[in-house]
Amino acid sequence: MGKKIEDVKEYWDERPCNVRYSLEKIGTKKYFDEVEARKYFVGLHILPFVDFERWRGKKVLEIGCGIGSDTINFARHGAQVTVVELSASSLEITKQRAKVYGLENNIRFYLGNSEELSKFVPIEAYDLIFSFGVIHHTPNPENVIKQIRSYVHPGSTVKIMVYNRYSWKVFWILLTYGKFQFWKLRELIARYSEAQEGCPITYTYTKNDIKKLLEDNGFKITEIFIDHIFPYSIPDYVQYKYVKVWYFRWMPLFLFRFLERHFGWHLCITAVPKSNKN
Ligand SMILES: C[S@@+](CC[C@H](N)C(=O)[O-])C[C@H]1O[C@@H](n2cnc3c(N)ncnc32)[C@H](O)[C@@H]1O
């Protein structure tokens, strides 16, 4: 794609992820409460996937925290959290969020490129390494996975979410913006994958791709599942109204769930480090 880490940083600095999830003044408690409510309302699968309670008293390394919705939940549930974020403006919002909830002392903040993690985050073992919707936006995702290997102990867990290639969203992008120009697919996906048009890099993965990436770099997958189709009409959604598009409105729930579990946008993976025995 020819895009560089500086382009990625610039894009997320200009519009941090989910920053418009509330109309309240950025940095206030009301703002952060609304951002959190919206994030888990549209992403119902996130809470069971992460299971914040499980990480109480544990050490968590979060890669690409954005504006910190998950970060705050780890900290609130009593985890000791270390976060890494490429975008300075996103990290500033996460710091402010921690302050608003009185959780600054439970979180360490690092600004930088997680492809070079060991250059700026002290090497120590974490119980959980968590990265939701991040590594597919960096120029070389494999570098991040290689770096993560230095931060695990035999009992560690890795949980990541990457975008699913064979998904409704990819089909929708092709249909809506692509006029079925399959040869431009990679470029189209990047441009339209996020709320703000023009994301410089967005890779998508099949289950096999992500399995290979992790297994080649010393991890064993323990769970992998697909979930999440965004069913709301975008013009309503940006007005903070949740109105489903007509075809999802009429679709029986069991069918919608079937589609989500097979053609959803989020590929959620849990992995553990390979030991010599496995
Ligand atoms: C889609 S957002 C997800 C944010 C957060 N995990 C969430 O779920 O709300 C992607 C984030 O990854 C960050 N990011 C992208 N590449 C990165 C890298 N190489 N190192 C650290 N953060 C990165 C971006 O700055 C952005 O905040």
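The following exercises, with worked solutions, concern a predicted model of a protein with a ligand.

**Exercise 1.** Determine how the size of the protein relates to the globule rule.

*Solution.* Begin with the secondary structure: the protein has twelve helices and seven strands. Next, take the radius of gyration, which is 18 Å, and set beside it the 19 Å that the globule rule gives for 278 residues. The two values are close, so the protein is as compact as a globular protein of that length. Along the principal axes, the C-alpha atoms fill a box of roughly 50 × 45 × 40 Å. Finally, 39% of the 278 residues count as buried.

**Exercise 2.** Describe the shell of residues around the ligand.

*Solution.* First, count the shell: 22 residues surround the ligand, and the closest are Trp12, Cys17, Gly64, Gly66 and Leu86. Second, assign elements: helix H1 (5-14), helix H4 (69-76) and strand S2 (80-85) each give two or more residues to this shell. Third, sort by class: the shell has eight nonpolar, eleven polar and three charged residues.

**Exercise 3.** Locate serine 87 and decide whether serine 87 is buried or exposed.

*Solution.* Serine 87 is found in the loop between S2 and helix H5 (88-100). A residue is buried if 20 or more other C-beta atoms lie within 10 Å of its own. Serine 87 counts as buried because it has 24 C-beta neighbours inside 10 Å. With neighbours within four places in sequence left aside, the contacts of serine 87 are Lys9, Trp12, Asp13 and Pro16. Trp12 also appears among the residues closest to the ligand.

Methods: Residues are numbered from 1 along each chain as its sequence is written. This is a predicted model: local features need pLDDT of at least 70, side-chain atom pairs count only at pLDDT 80 or more; totals for chains, interfaces and linings use all residues. A residue is near a molecule or strand if its C-beta atom, placed from the backbone, lies within 6 Å of it. Helices (H or I, at least four residues) and strands (E, at least two) are DSSP runs, numbered from the N terminus. Ala, Val, Leu, Ile, Met, Phe, Trp, Tyr, Cys and Pro count as nonpolar, Asp, Glu, Lys and Arg as charged, and the others, Gly among them, as polar. A residue is buried if 20 or more other C-beta atoms lie within 10 Å of its own, exposed if 12 or fewer, and partly exposed in between; C-beta atoms are placed from the backbone. Two residues are in contact if their C-beta atoms, placed from the backbone, lie within 7 Å. The radius of gyration is taken over C-alpha atoms; the globule rule is 2.2 Å times the number of residues to the power 0.38.
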